[in-house]
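Visitor: I should like to go through this model by question and answer. Please begin with the term on which the discussion of the chains will rest.

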Number of protein chains: 2
Amino acid sequence: MTQQVPKFNQPVLRPDLENNLVSGLMPSFALLDNIRSVWNVGSMFRTADAAGLGGLYLTGMTATPPRKDIEKTALGATLSVPWDYWKDSASAARNIKDQGISLVALEQTEKSVNWQDFEFPFPHCFIVGHEVSGVKSEILDLVDHSVEIPMAGVKHSLNVAVSFGILAYRIRQCWLEQNS
Amino acid sequence: MTQQVPKFNQPVLRPDLENNLVSGLMPSFALLDNIRSVWNVGSMFRTADAAGLGGLYLTGMTATPPRKDIEKTALGATLSVPWDYWKDSASAARNIKDQGISLVALEQTEKSVNWQDFEFPFPHCFIVGHEVSGVKSEILDLVDHSVEIPMAGVKHSLNVAVSFGILAYRIRQCWLEQNS
C-alpha cells in the first residue's frame with residue numbers, strides 16, 4: 001500500500017523500528033494549533049505513541065521537546081513519536097494539504113459531524129486548537145472536514161488532551177476496520 | 001425504565017435539572033481508585049460532565065472538592081457531577097456491587113476485553129486506578145469484567161484521565177445504541 005506521508009524536519013526514530021520512520025504507524029497525523037499547556041502537549045505525545053499516530057505538527061505557541069515539563073506527561077514518548085515545528089499553524093496546514101493529505105478539524109462548527117459517525121480517510125491530519133479559542137478560523141477555512149464530540153453536560157468542552165485521545169482511538173478503530 | 005442508582009452522600013444538583021439528581025444522566029458511575037494527580041481528578045470531573053456520567057466515587061488518596069487545584073482542570077464540573085468519597089476503595093466497590101451494579105475495571109489483565117468490543121451493561125461502575133500501580137488487586141478480585149485499551153507504541157499505558165475519556169465516550173455510545 002502506497003502512503004503519502006509528510007516530511008518531518010526533526011524525525012526521531014522509534015527505538016523498536018529498524019527500517020522506516022513510519023513503518024507500523026498509521027498515516028494519521030495531528031496538528032497542534034497553538035496549544036497553551038505544556039502538560040497537554042506531553043499528554044498528546046504519550047497518546048500519539050499509544051495509538052500509533054504517524055507524527056505531530058507542533059505550531060505557534062505549542063511547546064516543543066526537549067523540555068522537562070513536557071516529559072512530565074510525555075514520559076519518553078517524545079523519543080518515539082515523529083514531530084515537526086512550524087511557527088505559523090495555517091502555513092503548516094496549507095503545506096500538509098498541498099501534499100494531498102485531508103485536513104480534519106476537531107471543532108464545533110455548523111458543518112461538524114459527530115466524531116462517531118465520521119469515517120476518517122487516510123492519509124489525514126487532524127487539528128486540535130488552543131484551549132480557549134479553539135482552532136483558528138484561518139485554518140477552519142482550509143479544512144476538508146470538521147468533527148465534534150457532543151457535550152451532554154453543563155460545560156461546553158472537554159480538555160484538549162482528552163479530546164485528542166478520544167479521536168486518536170476512533171482513528172485507530174477506522175484504520176483497523178479499513179485494513180482488516 | 002427503572003434504574004438502580006447508588007446513593008451519594010454529597011449529591012450536588014446539576015443546575016439545569018430541576019427534579020432528580022440523576023435525571024438525564026446515564027446509569028454509569030466511575031470509581032477513582034487512589035488517583036494521585038489532582039489535575040487528573042479535575043479532568044475526570046470535566047469529562048464526566050461532558051459524557052453524562054451518573055457520578056464519581058473518589059476513594060483513598062484521590063483528592064476531593066472543593067479545592068482550587070481540582071478546579072484548575074474541572075472548570076466548574078465539580079458542581080454538576082454527583083460524587084461521593086470512600087476512604088477504602090475496595091469497600092466502596094463492594095458496596096456498589098451489593099446494589100446490583102456491575103463492576104468493570106480498566107486494567108490490563110489476562111481476562112481483559114478490548115474496550116471497543118465490550119458492550120457496557122447498565123447500570124455499571126467502571127474503575128480506574130492509580131497512575132503507576134493501577135487498579136488494586138483486591139478490587140480486581142471483585143470485578144465482573146475488565147477492559148483494556150491496546151497500546152500500539154513503545155509506552156505501556158495512557159494517561160489515566162485520557163483513558164477515562166476514551167471509556168466514558170465508548171459508554172455513551174453503548175448507552176445511545178441501547179436506547180435508540
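Guide: Two residues are in contact if their C-beta atoms, placed from the backbone, lie within 7 Å. The model discussed here is a predicted one.

Visitor: How many residues of chain B are in contact with chain A?
Guide: The contact involves both chains, with 30 residues contributed by chain A. On the side of chain A that touches chain B, helix H1 (38-51) and helix H5 (160-178) each supply at least two residues. That side of chain A divides into 14 nonpolar, eleven polar and five charged residues. For chain B, the number of residues in contact is 30.

Visitor: Which relation do chain A and chain B have?
Guide: Chain A is superposed on chain B by a rotation of 180° with 0.0 Å of shift along its axis, at an RMSD of 0.0 Å. The relation is therefore that of a two-fold axis.

Visitor: What percentage of the contact residues of chain A recur in chain B?
Guide: The same surface serves both copies. The recurrence in chain B of the contact residues of chain A is 100%.

Visitor: Which strands stand at the edges of the sheet of chain B?
Guide: The open sheet of chain B has seven strands in the order E3-E2-E1-E6-E4-E7-E5, with parallel pairing. Each edge strand has a single partner strand, so one side of each is left without a neighbour in the sheet. The edge strands are E3 (83-86) and E5 (113-114) of chain B.

Visitor: Which residue is the bridge partner of B:Leu106 in E7(B)?
Guide: Strand E4 (residues 102-106) and strand E7 (residues 145-148) of chain B pair in the parallel sense over three bridges. In E7(B), the partner of B:Leu106 is B:Val147.

Notes:
Residues are numbered from 1 along each chain as its sequence is written. Chains are lettered from A and ligands numbered from 1 in the order in which they are written. This is a predicted model: local features need pLDDT of at least 70, side-chain atom pairs count only at pLDDT 80 or more; totals for chains, interfaces and linings use all residues. Two strands pair if DSSP finds at least two bridges between them. Helices (H or I, at least four residues) and strands (E, at least two) are DSSP runs, numbered from the N terminus. Ala, Val, Leu, Ile, Met, Phe, Trp, Tyr, Cys and Pro count as nonpolar, Asp, Glu, Lys and Arg as charged, and the others, Gly among them, as polar. Copies are superposed by least squares on the C-alpha atoms of residues with pLDDT of at least 70 in both.
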